[in-house]
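Visitor: Before we begin, I should like to understand the terms used for this model. Please show me the structure.

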Amino acid sequence: MLHIEHARQSRGSWQAVHRRLAAVGPLIDGDQAGLFLGAPAMAYVLHLTAADSNQYAGALNALDRIVTTHTRSRLDAAHTRIDQGRPTSFAEYDLLRGLTGLGALLLRRTPDGPELKSVLEYLVRLTEPLPGPDGRPRPGWWAGHSPVNLGTPTPDGHANAGLAHGITGPLALLALAHLRGTTVHGHQEAMLRICRWLDEIRVDDHRGTRWPRWTTDTTSSPMHPAAPSWCYGTPGLTRAQQLAALALGDTDRKRMAERALLDCLADPLQLDQLTGRGLCHGIGGLIRVVQRIAQDADEPAAFTSFLPHLTERFLAAETPTEAGFLEGTSGAALAFQSIETDEAPARDWDACLLLA
C-alpha cells in the first residue's frame, strides 16, 4: 500500500507496485482469511491499485467470487451461532479477522451488492441482546473468550469496546454504509443500541471523557486513561461515534466525541503512553484519526493545531522493527506522509481502518 501511494504521488513507479503484487504467493481463503489476511486482503490492495481503471480486472473478478463465497459461509456460521444462543468471538465479527472487515471491503468493492447488505443485516442482529448464564440479557457482541488470550474460554467472557476488536468497528461500518446510502432494516436502531451501551460505560472526570477497553459482569479495564491508540483507545472510539452521529443527525453526540478527542490530545499522561510510530498502537494511528476527525469537525483547526506537536512526537518515537502495515514501517510511513503532503481527505488507504 505504501508503494501504491508513492506511485500515485510520482515518488515511485507502478512497475514496482506490479512487481510486488506479482511476487505474492498462494492466498488463504479459508476461515482464517479476513480483511488483513489472504484473499480479502489482496482484493483490497488490488482495488486501491486499480482505482477507477480496468487494471487487474480479471484478478479482481476472481477474488470477488472468492470473497463472496467466503462471506456467505461466514454469515451462515454466525447466524447459526446466534440461533443457538452462544456468545460470539472476535474471529466472527471484528474488523481484523471477522465480518466487519469483510463488510469494509465490500463497501468499497460492491457497495450495492447483496453480500454487503447481508453483512449489515448480521451486524444489526449482533447488536440484539442474548441471555447470559443467569438469564439476564447481555450485549449480543459479548465474546466468550478472554480479551487478551483469545484462545482461552472464560466463564463470563467480556464485551469489547475497541475499534479493532470491539463493537465500535461494527458501529463505524454501519455508519459509513448509512452515510453512503446503503441501509437495511433496523440499521439506525442497531447504531443507537451500540451508542447507548457506550454511554453506559463512559467515564467522565477531570481528564475528560474516555471509555474502558472492555467490560465484564463485574469490572471494566482499564479505569485509568489508556493509551490513545487507534485500535483500542479514545481516538478510534471518537471517530466511530462521530461517524455514527453524522449518520444519525445527532449533534450532541458529535460534539461529545470531538470534545473527548480534544481532551485526550491535551493530556500528556495519555500521549506519553504512545511510544511507537505504528498505526495500530502508535502515534501514526493517532495522527490519521486526528486528520479524519478534523475533516468532519465543526472546528477543524481545533484538531489540526495539534498536528505539529504530534509530528514532533512521531519523529521522537521508536521506529518499528518490521515492515508491516498495522504495526510496521509501511503503516507509519503512510501516516507520516499524509502530514507531509496534507492530503488526508484525498487519500483513502485508511478505509481498512474504518476511518473513512
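Guide: This is a predicted model. Of the 356 residues of the protein chain, 56% count as buried.

Visitor: What makes a residue count as buried?

Guide: A residue is buried when its relative accessible area is under 20%. In the protein chain, 56% of the 356 residues meet that criterion. The chain exposes about 15000 Å², of which carbon and sulfur atoms supply 52%.

Visitor: Why is the protein chain called as compact as a globular protein of its length?

Guide: The chain holds 16 helices and eight strands. Its radius of gyration is 20 Å, and the globule rule gives 21 Å for 356 residues; the two values are close, so the chain is as compact as a globular protein of that length. Along the principal axes, the C-alpha trace spans about 60 × 45 × 40 Å.

Visitor: What makes a set of residues a nonpolar core?

Guide: The members must be buried residues of the listed nonpolar kinds, including Leu, Phe, Trp and Tyr, joined through side-chain atoms within 4.5 Å. The largest such core has 103 residues, and Tyr 122, Leu 198, Trp 230, Phe 303 and Leu 353 touch the most other members. Helix H3 (residues 39-50) gives the largest share of this core, eight residues. In soluble globular proteins, nonpolar side chains tend to be buried together.

Visitor: Which residues beyond four places in sequence is Tyr 122 in contact with?

Guide: With that sequence limit, the contacts of Tyr 122 include Leu 75, Ala 78, His 79, Arg 81 and Ile 82. Also among them are Thr 88, Glu 92, Tyr 93 and Leu 99.

Technical notes:
Residues are numbered from 1 along each chain as its sequence is written. This is a predicted model: local features need pLDDT of at least 70, side-chain atom pairs count only at pLDDT 80 or more; totals for chains, interfaces and linings use all residues. Side-chain values use heavy atoms; hydrogens and water are left out. Buried means under 20% relative accessible area, exposed over 50%, partly exposed in between (1.4 Å probe, protein chains only). Helices (H or I, at least four residues) and strands (E, at least two) are DSSP runs, numbered from the N terminus. Contact means heavy atoms within 4.5 Å. The radius of gyration is taken over C-alpha atoms; the globule rule is 2.2 Å times the number of residues to the power 0.38. Accessible areas come from the Shrake-Rupley method with a 1.4 Å probe; for residues, only the protein chains shown count as cover.
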